[in-house]
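User: Could you take a close look at one part of this for me, the places where chains meet? I'd like it as one connected walk-through rather than a list.

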4 protein chains.
Amino acid sequence: MKKQKALCRFSISMAQELVDQLDAMRKAKGYANRSQAVADMVRDQLVEYHEHVGAYEMAGTVTLVYDHHKRNIQALLTDIQHDHGDLIIAAMHVHLDHHNCMEVLALRGRAADLKDVADRLIAAKGVKHGKLTVTTTGKDFAK
Amino acid sequence: MKKQKALCRFSISMAQELVDQLDAMRKAKGYANRSQAVADMVRDQLVEYHEHVGAYEMAGTVTLVYDHHKRNIQALLTDIQHDHGDLIIAAMHVHLDHHNCMEVLALRGRAADLKDVADRLIAAKGVKHGKLTVTTTGKDFAK
Amino acid sequence: MKKQKALCRFSISMAQELVDQLDAMRKAKGYANRSQAVADMVRDQLVEYHEHVGAYEMAGTVTLVYDHHKRNIQALLTDIQHDHGDLIIAAMHVHLDHHNCMEVLALRGRAADLKDVADRLIAAKGVKHGKLTVTTTGKDFAK
Amino acid sequence: MKKQKALCRFSISMAQELVDQLDAMRKAKGYANRSQAVADMVRDQLVEYHEHVGAYEMAGTVTLVYDHHKRNIQALLTDIQHDHGDLIIAAMHVHLDHHNCMEVLALRGRAADLKDVADRLIAAKGVKHGKLTVTTTGKDFAK
């Protein structure tokens, strides 16, 4: 038998004109109701807060765009990934055109560690552009 | 007699463990209750949304750090401000040390126009660092 | 025979103390030399600039964390993806724990269109957290 | 006699097509030459880097929008400011309309301390929207 997540229902007071604007925005963004829109804001602020606090385990991605014809670029990126094997879970490789590819690495670890490995990958000779994105591991972050 | 703002009371459902984390974060940030914390998230997302949509009138600040001993820097910044007099409401000048000062301009206008004048001010020869901050005019944004 | 990319060599003047700080930062970030560090800053600012201008074709990722036990979540995400099939190139699915998974979609299109599909995916019932990351397609963005 | 800042001249190699795009962007942003555009990128990345490292003294602003008719809001904001008097240098008050005003505080201190006081001010009952902006003190940040 599957355990049900406990739902908590509480009420919020806001000025009517603010609620009207919330409703317009959440519809434009495709939220079915206010609870879902507000819960997403709460989770978003929690991710940002946990990222700053630093001690939490986070998930994330590093997105890298590079020309795979560049000598040694793939070997170099593989080396850096192996130095941080405990942080990197998986990778996806997308061909953007004959030269350019986008590689997306899925990571998991403390925010500070994710930032370190992202810095090294983005700085690697041959990487045209890179970005780190930090999100939640989903644990204790119910929906 | 002062007109009362209409308050809207509605209820939200969220998983208990998410509410627990919301409570921990809002206390750490100094919010007296959930309504205030959630209303601030709503307003924050509205500002970001309005900034992207572009047609709304926004308020904002441009923060500039420069060495006021630099030849002509103040005349140059004044010239740019006068070219956009309709956008700039006020300015504050702070002495950081013998050389460096921080100048903060208060702006009001469409987000795209605020970005244009900020770009020109930040690019001005002599400005060490600058940033644009966009916020609400407070209109229709009750609290 | 492979065509060589034309390299452009130009000189930059900066205060000595700024160059010293640049060197300290680029070493901490793992850049082999100043050219590479500066070229990365240029590309980073170009991505941000192109994202705002809006007309450029960009690449990007949407990172979604959700509980795959949630009823219909995968069917829902697949539906949204099919509505925007021209924008979505590939997807990677990572198991974070028994419940939670991170799905990363690789996208390509105008920045405004990427934002639209990201908004819909992030708003989908069951998605705990989501983020859009915009980068370059690498075209005309040599390294 | 005024001491001259030592200028450092060094050369950078970049692909021609990247330099062309840099030139187009810097002209659109109003930079007189490449040195100034690149130096601004360097300073911008240094501010972001120092903000994360945390130990540096930074300057900054907190921008607050509120309805000054709200009971006690000004007394409350003044109290918080007095609790952090060592961080707050100056303030500017702008009347946006009959109800709304924007108050901009100029701050100086460690990035973490600036964030703390900003959190408390933004969370204050009556503040509609607030933002912290961190910049350099200009020291050792020549232009």
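Analyst: A term to settle before we start: a polar contact here is a pair of N or O atoms within 3.5 Å, and within protein one of the two must be able to donate a hydrogen while the other can accept it; neighbours in sequence count only if both atoms belong to side chains. Keep in mind, too, that this is a predicted model.

Let's begin with chains C and D. Here 34 residues of chain C meet 34 residues of chain D. Together the two chains bury about 4,000 Å², with 65% of that on carbon and sulfur atoms. No salt bridges turn up between chain C and chain D, but twelve residue pairs are in polar contact across this interface, both partners being at pLDDT 80 or more. On the chain C side, the elements giving two or more residues are β1 (7-15), α1 (16-29) and α2 (34-53). The largest share comes from α2(C), with eleven residues. Sorted by class, the side of chain C that touches chain D has 20 nonpolar, seven polar and seven charged residues.

Now over to chain A and chain C. This contact draws 53 residues from chain A and 53 residues from chain C. The buried area is about 4,200 Å², and 55% of it sits on carbon and sulfur atoms. The salt-bridge count between chain A and chain C is again zero, while 13 residue pairs are in polar contact, both at pLDDT 80 or more. Quite a list of elements feeds the chain A side: α2 (34-53), β2 (57-67), β3 (88-95), β4 (100-110), α4 (111-123) and β5 (127-135) each supply at least two residues. Of these, β5(A) gives the most, seven residues. The class split for the side of chain A that touches chain C is 21 nonpolar, 14 polar and 18 charged.

One residue worth a stop is A:R108, which lies in strand β4 of chain A. Leaving out residues up to four places away in sequence, A:R108 touches A:E57, A:M58, A:A59, A:D86, A:L87, A:I89, A:L114 and A:T137, plus C:L96 from chain C. Its side chain also makes a polar contact with the side chain of A:E57, at 3.2 Å.

Chain A meets chain B as well, helix to helix. The axes of α2(A) and α2 (residues 34-53) of chain B come within 10 Å and cross at roughly 90 degrees, so α2(A) and α2(B) are roughly perpendicular to each other. Both helices bring matching positions to the contact: A:V38, A:M41, A:V42 and A:Q45 from α2(A), and B:V38, B:M41, B:V42 and B:Q45 from α2(B). By class that makes six nonpolar residues, two polar and no charged.

And what about salt bridges elsewhere? Side chains of opposite charge can pair when their charged atoms come close. Over all chains, the whole structure has 26 salt bridges. One of them links C:D119 with C:K115, where the closest N and O atoms are 3.6 Å apart. Both residues lie in helix α4 (residues 111-123) of chain C, four residues apart, or about one turn of the helix.

Terms used: Residues numbered from 1 in each chain as written. Chains lettered and ligands numbered in written order. Predicted model: local features only at pLDDT ≥ 70, side-chain atom pairs only at ≥ 80, totals over all residues. Heavy atoms only, no water. Contact = heavy atoms within 4.5 Å. Buried area = accessible area lost by both parts, 1.4 Å probe. Salt bridge = Lys/Arg side-chain N within 4 Å of Asp/Glu carboxyl O. Nonpolar A, V, L, I, M, F, W, Y, C, P; charged D, E, K, R; others polar. Axes fitted to C-alpha atoms, helices over the stretch in contact; angles between N-to-C directions. Parallel < 35°, antiparallel > 145°, perpendicular 65-115°, else oblique.
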